[in-house]
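Welcome! Here is a short briefing to read alongside the sequence and the 3D view. Take a moment to turn the picture around before you start.

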Amino acid sequence: MLEIDDLAKRYGNVVALDGATFTARPGRVVGFLGPNGAGKTTTMRCIFGLARPDRGTVRWKGQPVDRDARLRFGYMPEQRGLYPRMRVGEQMSYFAQQHGLRARDAEAASARWLDRMGLADRAKSKLEELSHGNQQRIQLAVALAHDPELLVLDEPFSGLDPIGIATMTEVVHERAAAGVGVLFSSHQLDLVEDVCEDVVIIARGRIVAAGAIEELKARSGRRHLEVEVVGSGGAWLDGDGSLTVLERSGDRVKLLVADDVDLDGMLARARAAGEVRMFAYEPPKLSELFMEAVTPTSPGPDLEASR
Amino acid sequence: MSRWRSVWLVAKREILERGRSRGFIFSVVFTTLLVIGSFVLPTVLFGDDQAARIGIVRPTPPGLEGAITATAAQLDQPVEIVPFDDPAAADAALASDNVDVVAEVPSDLSSPGAIRFASDADQVVSQIISAAVVALRFQDIVADAGVDPGVLLAAQQPPSVDSLDPETEADQSRFLFANIGAVLILVGIFSFGFTVLTGVVEEKQSRVVEVVLATVRARDLLMGKVLGIGILGVVQLVVFVVAALGAAMWTDRFVLPEATPSAVALLVVWFVLGYALYSTALGFLGALASRLEEASNASTPVTMIAMISYFVAIFAVINDPSGLVAQVATYIPASAPFVVPLRAAFDAISGVEVAISIVVTVAAIWVLFAIGARVYAGAVLQTAGRMKIRDAWRSAGE
């Protein structure tokens, strides 16, 4: 288990992390969400010792993370980077060896992952000869080739085409099923909702929400109620100031309601207005939970971090 | 995994990637050909100290051949004398370049005779023949006057030529050795030190350094880089020296000093030390920059120090290899790599001095590396413009 405990980090006057605390469990896929500058990349850099926190610790299996632990991690940084003029196969083998694999195992692993990425015939190509998307695939393969116990992916979906996204999703699920803990950051919340079981939401250097997506949804006081009453044009709601209308199109209206709303009462009102063709009561979407979590309740000082 | 394996993997990557590059192979082949060529070509084209071929027309005065050979020996000019039976045959040989000069002297020495060249007169050769003829004619007249030929011959002995501090051929090749050694060290430090510098900047620019440093310590990355590129440097130096020595021995153009093997060993040792010192400095200065142009600006002070050290070595130290400047420069790590092999080439340094100098330089490398590695670690992940050394030092964490 990866434990992020009370991480704090400043860059000059900019607060990047301000007591961030969360955990990532083996076999779980954790989406790490937050607006730009909230501290996601800094957290990941702290995990890999690339940034030194001013306060707090990162623990792996109960011990502070050291270099030996990091050898068992795989990392795909937000700013992608590999050796442009190095051959793809040798490059993957090099990084696998730096993670402690014997030369022969490293070569076998890189061949296996190249095959998996559909790039087996490009092993002898220089990285810079590959397309952008294929370079991304190699970057992922480099993070995976040494069979890590923890996978940290910073914006893995950015710049990928739908096929790339499908491959990435498949690999992430497969690794998690094999017991690997996966932490990845993304702004594509729909994708996160599909891929992750857990989310951690960070804003202004602090964790503002964390847990299983379903739980967070259940815990949220908000619900959506979507009702379609034939021929009503939605007029049956008019005059009721206590309801928040999110959307209205034709006969269909979408309401924001509290989770303790009187559903029977609402249904009765809709029926009174006409034939009810649709009556859907749903938890909020992840994107709404996200917005709710990251919006400051009181206007504070501008703590936007640059990295 | 041990740190050393990590360092070695970095070094091996540098060796394989750069050693296989066309640029490196080309530069090794090119410099080797250049070295061999500069030794072999003059020999092939001009021969070494070619003998002057002097044609003489018979009948010749008695003693002419001996007089020419003796005079030539005094001037250190090898000669080969070719007799002809008539002037026409001699001139034909001259025209077809079978001899360089024809001397036609009457056998009774009644006149000085004539010397003919094909086109331009070679002053040395013509002086040799003239002196021989004049001496013969003089001897002839004086002998007729009843002077004992033995006394005459003794009177014609030239004064002995000597110098207080004779420069031998070994001295010349020493001087040459010392100069070539200093140039090799300078060129090696520059070309391979700058390879380290550009390598560091490229890793930073391509952002691969973030992936590397997720598993490799910054210090180990810098060390592996310096090590790998240094091994290529030593390979190139050894190829160069072997080619030069091989060519020198084969063509017999230089007398190799007796101390050649130890001089070569010292050259390699000081190349390694000088390279380690300067490339470490260049490596961490490179980490402070975010672009290559910035890096070469940042490296200017280091470049200046290397150039000054080199000039101190080839001007001040060559003039007076045991002087005060030479002694002081021996213990300054920046100049020692240039000065010590040079002094050693002149036999002007003791083993103890060399040992102390090596210790001082190794200590300086260690200190520079400790500082450099921390600055490197702090700077290499920052990509926003040029960093100050102080900021990098502070932000370094380990």
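## A first look

Chain B is built with 16 helices and 4 strands. Please keep in mind that this is a predicted model. The points below begin with the overall form of chain B, then visit the two sheets, a covered helix, the nonpolar cores and the contact between the chains.

**Overall form of chain B**

- Chain B has a radius of gyration of 31 Å, whereas a compact globule of 398 residues would come near 21 Å.
- Along the principal axes, the C-alpha atoms of chain B fill a box of roughly 100 × 45 × 35 Å.
- Of the 398 residues in chain B, 38% are buried.
- Among contacts in chain B with a separation of 6 or more, 75% link residues that are 24 or more positions apart.

**The sheet in chain A**

- Six strands of chain A make an open sheet, and following it across gives the order β6-β7-β8-β3-β9-β10, with mixed pairing.
- At the edges of this sheet are β6 (73–76) and β10 (206–212) of chain A, each of which pairs on one side only.
- On average, neighbouring strands here are turned by 15 degrees against each other, direction ignored.
- Strand β9 (residues 198–203) of chain A runs antiparallel to β10(A), and 6 bridges join the two.
- Two of the partners to look for are A:Ile201 with A:Ala209 of β10(A), and A:Val199 with A:Gly211 of β10(A).
- β9(A) and β10(A) form a hairpin with 2 residues between them. In that turn, A:Arg204 has a positive phi of about 50 degrees.

**Helices packed on the chain A sheet**

- Which strands does helix α10 of chain A touch? Helix α10 (residues 286–294) of chain A packs on the sheet against β3, β9 and β10 of chain A.
- The direction of α10(A) makes about 30 degrees with that of β9(A).
- Helix α6 (residues 162–177) of chain A also packs on this sheet, where it touches β3 (29–33), β7 (150–154) and β8 (181–185) of chain A.
- The direction of α6(A) makes about 150 degrees with that of β8(A).

**The sheet in chain B**

- Chain B has an open sheet of 4 strands, in the order β2-β1-β3-β4 and with mixed pairing.
- Its edge strands are β2 (79–84) and β4 (114–117) of chain B, each pairing on one side only.
- Neighbouring strands of this sheet are turned by 25 degrees against each other on average, direction ignored.
- Strands β1 (residues 52–57) and β3 (residues 101–104) of chain B pair in the parallel sense, over 3 bridges.
- To find this pairing in the view, look for B:Ile54, which stands opposite B:Val101 in β3(B).
- Helix α4 (residues 87–95) of chain B lies across β1, β2, β3 and β4 of chain B, at about 160 degrees to β1(B).
- Helix α5 (residues 123–144) of chain B lies across β1, β3 and β4 of chain B, and runs at about 40 degrees to β1(B).

**A covered helix in chain B**

- Helix α14 (residues 336–345) of chain B is mostly covered, with 10 of its 10 residues buried.
- The buried residues of α14(B) include B:Phe338, B:Leu342 and B:Arg343.
- Just after α14(B) comes B:Asp347, which takes a positive phi of about 60 degrees.

**Nonpolar cores**

- The largest nonpolar core has 154 residues, and those with the most contacts inside it are A:Met92, A:Ala141 and B:Tyr376.
- Helix α10 (residues 260–288) of chain B gives the most to this core, with 16 residues.
- Leaving aside residues up to four places away in sequence, B:Tyr376 touches B:Ala218, B:Leu222, B:Gly283, B:Phe284 and B:Ala287.
- Another core, of 22 residues, lies apart from the one that holds B:Tyr376, and among its members are B:Ile54, B:Leu94, B:Val101 and B:Val105.

**Where the chains meet**

- How many residues does each chain bring to the contact? Chain A brings 22 residues and chain B brings 17.
- On the side of chain A that touches chain B, α2 (67–70) and α3 (88–98) of chain A each supply at least two residues.
- α3(A) gives the most to that side, with 4 residues.
- By class, the side of chain A that touches chain B has 12 nonpolar, 6 polar and 4 charged residues.

Conventions: Residues are numbered from 1 along each chain as its sequence is written. Chains are lettered from A and ligands numbered from 1 in the order in which they are written. This is a predicted model: local features need pLDDT of at least 70, side-chain atom pairs count only at pLDDT 80 or more; totals for chains, interfaces and linings use all residues. Two strands pair if DSSP finds at least two bridges between them. Axes are lines fitted to C-alpha atoms, for helices over the stretch in contact, and angles run from 0 to 180 degrees between N-to-C directions. Two residues are in contact if their C-beta atoms, placed from the backbone, lie within 7 Å. A residue is buried if 20 or more other C-beta atoms lie within 10 Å of its own, exposed if 12 or fewer, and partly exposed in between; C-beta atoms are placed from the backbone. Ala, Val, Leu, Ile, Met, Phe, Trp, Tyr, Cys and Pro count as nonpolar, Asp, Glu, Lys and Arg as charged, and the others, Gly among them, as polar. The radius of gyration is taken over C-alpha atoms; the globule rule is 2.2 Å times the number of residues to the power 0.38. A nonpolar core is a set of buried Ala, Val, Leu, Ile, Met, Phe, Trp, Tyr and Cys residues joined through C-beta atoms within 7 Å.
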